[in-house]
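Me: I have a structure to go through with you. Please keep the answers short and end each on the value or name I ask for.

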Amino acid sequence: MNKRDEIQKELREQAPLLARLKEQLPGPEEPPQDYFTMLPDQVWEQIKWQPAPPVHAAKPKQWWQLLLPNVVRPWPAIGVAMVAVLIAIGIYWLQPIGTPAAQAALAELSVDEMTAYMLSHIHEFEEDLLVQIVDFQAEKPLLPFDLNEAETEELLREIIKDLDTETLEQLL
Amino acid sequence: MSHTQPSDEYILQLLRAQHSAELGFRLLMQKYQQPLYRVARRILREHEDANDVLQNSFIKVWRSIHTFAGKAQLYTWLYRIVTNEALTFLQQQKRKATQSIEAGEVPLIGQIRADEPIDGAALQARLQMATSQLPEKQRLVFEMRYFEEMPYEEMAQLLDTSVGALKASYHHAVKKVEHYFNAIEMGEL
């Protein structure tokens with residue numbers, strides 16, 4: 001069985017109607033003699049007057065494309081990684097305390113823990129701020145204006161012990 | 001197509017260098033002109049029309065070969081260009097034909113149902129209509145197998161796909177085309 005018969009047999013099995021129609025089709029119509037010999041010349045005659053297709057010139061590389069082959073070599077890669085680690089450490093070190101992460105940790109502290117922390121670090125807080133917040137909390141001046149520094153501190157210690165969570169968080 | 005034809009990679013390599021572009025293009029035409037002519041001829045029927053379309057297609061290929069990204073096989077890309085050119089040509093002819101119908105001429109597509117048995121040209125036109133409903137890959141496989149009677153192995157080389165995948169595509173394509181003809185017989189179309 002030749003290839004043509006094989007193709008026809010396959011078609012009869014899969015689509016009998018198309019196999020019958022194929023028999024009614026005229027054979028492939030041939031072009032005039034020597035058509036394919038002459039066609040490339042005819043086409044080229046029209047093309048040669050047109051600009052040549054752009055040659056695939058390499059595009060100028062971007063800065064990162066020039067850098068990349070150097071960076072992916074072992075030693076420069078280790079160097080770049082070291083610099084990146086140092087920068088990350090630097091950024092972490094310089095990060096202010098009041099970051100969202102620090103605030104989240106603060107929210108987990110209990111009132112007693114916050115009070116204890118404030119009492120043991122009372123010198124690190126600005127006295128004016130403490131007075132202002134404590135007064136605001138009490139809605140009237142609690143601290144007499146004629147107290148000296150030691151007396152103010154002592155009085156603040158007493159008041160801090162009675163502050164609620166929200167005010168403590170505000171102070172911290 | 002014989003197996004002594006230059007490879008697509010070699011042709012493209014020649015086309016990319018200014019000094020060998022002409023040779024590359026001539027090799028491309030020699031390799032693909034016959035199957036592409038048959039594609040155009042099937043759609044357009046007349047040799048003169050097929051010749052016009054084929055020449056225009058090759059000029060288009062020359063102008064845009066640098067845009068060929070190599071994602072599809074070269075023949076698939078060329079086939080698409082020729083098919084699009086041929087269909088555009090048909091649409092232009094259709095506009096002219098509309099004027100002829102108004103003048104009293106009967107179009108070929110109108111003869112399809114009226115004439116029994118179907119003559120070869122009308123059958124070709126009907127098959128063309130049926131295959132135009134197929135997805136591109138199935139249409140290409142159907143044309144190569146049904147009309148060109150190309151062995152699967154040769155198609156696999158041209159389209160860079162497996163014989164199994166081609167058999168599956170052809171099976172789906174013939175089923176759809178047959179369904180289309182059955183629908184016509186049942187008066188559904």
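Me: Start with helix α8 of chain B. Which of its residues are buried?
Reply: This is a predicted model, so every value here is computed from it. Helix α8(B) spans residues 152-159 and is mostly covered, with six of its eight residues buried. Those six are Tyr152(B), Glu154(B), Met155(B), Ala156(B), Leu158(B) and Leu159(B).

Me: What phi does Asp160(B) take?
Reply: Asp160(B) comes just after α8(B). Its phi is positive, at about 55°.

Me: Is Arg145(B) buried or exposed?
Reply: Arg145(B) sits in helix α7 of chain B, residues 136-147. Its relative accessible area is 6%. The cut-off for buried is under 20%. Therefore Arg145(B) counts as buried.

Me: Which residues is Arg145(B) in contact with, leaving aside its neighbours within four places in sequence?
Reply: One partner is Met150(B), whose backbone oxygen lies 3.1 Å from a polar atom of the Arg145(B) side chain. The contacts reach into both chains. The full list is Ile7(A), Glu10(A), Met150(B), Pro151(B), Tyr152(B), Met155(B) and Tyr170(B).

Me: Which residues form one aromatic cluster with Phe142(B)?
Reply: Begin with Phe142(B) and Tyr146(B), which are four residues apart in helix α7 of chain B, about one turn of the helix. Both are buried. The cluster joins Phe142(B) to Tyr146(B), Phe147(B), Tyr152(B) and Tyr170(B).

Me: How many aromatic pairs does the structure hold, and why is the pair of Phe25(B) and Trp62(B) edge-to-face?
Reply: The total over all chains is 16 aromatic pairs. In this one the ring centres are 5.2 Å apart and the planes stand at 70°. Planes over 60 degrees apart count as edge-to-face. So the pair of Phe25(B) and Trp62(B) is edge-to-face because its angle is 70°.

Me: How many residues apart are Phe25(B) and Trp62(B)?
Reply: Phe25(B) is buried at 1% relative accessible area, and Trp62(B) is buried at 4%. Phe25(B) belongs to helix α2 (residues 21-44) of chain B, and Trp62(B) to helix α3 (residues 47-64). The pair links distant parts of the chain, 37 residues apart.

Me: Now the salt bridges. How far apart are the closest N and O atoms of Arg38(B) and Glu148(B)?
Reply: Arg38(B) is partly exposed at 31%, while Glu148(B) is buried at 17%. Their salt bridge brings the closest N and O atoms to 2.6 Å.

Me: Which parts of chain B hold Arg38(B) and Glu148(B)?
Reply: The two residues lie 110 apart in sequence, and the pair links distant parts of the chain. Arg38(B) is in helix α2, and Glu148(B) is in the loop between α7 and α8.

Me: Which helices does the salt bridge of Glu136(B) and Arg80(B) tie together?
Reply: The closest N and O atoms of Glu136(B) and Arg80(B) are 2.8 Å apart. The partners are 56 residues apart in sequence. Glu136(B) lies in α7 and Arg80(B) in α4 (residues 74-102), so the pair ties together helices α7 and α4 of chain B.

Me: Which residues do salt bridges that share partners join into one network?
Reply: Arg38(B) and Glu148(B) already form one of the bridges. The network consists of Arg38(B), Arg42(B), Glu143(B) and Glu148(B).

Me: Turn to the interface. How many salt bridges are counted between chain A and chain B?
Reply: Side chains of opposite charge can pair when their charged atoms come close. Across this interface, Glu149(B) and Lys22(A) meet at 2.6 Å, N to O. The count between the two chains is four salt bridges.

Me: Which helix supplies the largest share of the side of chain A that touches chain B?
Reply: There are 15 residue pairs in polar contact between the chains. On chain A, α1 (3-14), α2 (16-24) and α3 (35-47) each supply at least two residues of the touching side. The largest share, ten residues, comes from α3(A).

Me: How much area do chain A and chain B bury between them?
Reply: The contact takes 36 residues from chain A and 44 from chain B. Carbon and sulfur atoms account for 63% of the buried area. The total is about 4,000 Å².

Terms used
Residues are numbered from 1 along each chain as its sequence is written. Chains are lettered from A and ligands numbered from 1 in the order in which they are written. This is a predicted model: local features need pLDDT of at least 70, side-chain atom pairs count only at pLDDT 80 or more; totals for chains, interfaces and linings use all residues. Side-chain values use heavy atoms; hydrogens and water are left out. Contact means heavy atoms within 4.5 Å. Buried area is the accessible area (1.4 Å probe) that two parts lose on being put together, summed over both. A salt bridge is a side-chain nitrogen of Lys or Arg within 4 Å of a carboxyl oxygen of Asp or Glu. A polar contact is a pair of N or O atoms within 3.5 Å; within protein, one must be able to donate a hydrogen and the other to accept it, and residues adjacent in sequence count only if both atoms are side-chain atoms. Buried means under 20% relative accessible area, exposed over 50%, partly exposed in between (1.4 Å probe, protein chains only). Rings of Phe, Tyr and Trp (its six-membered ring) pair if their centres lie within 6.5 Å; planes under 30 degrees apart count as stacked, over 60 as edge-to-face and the rest as tilted.
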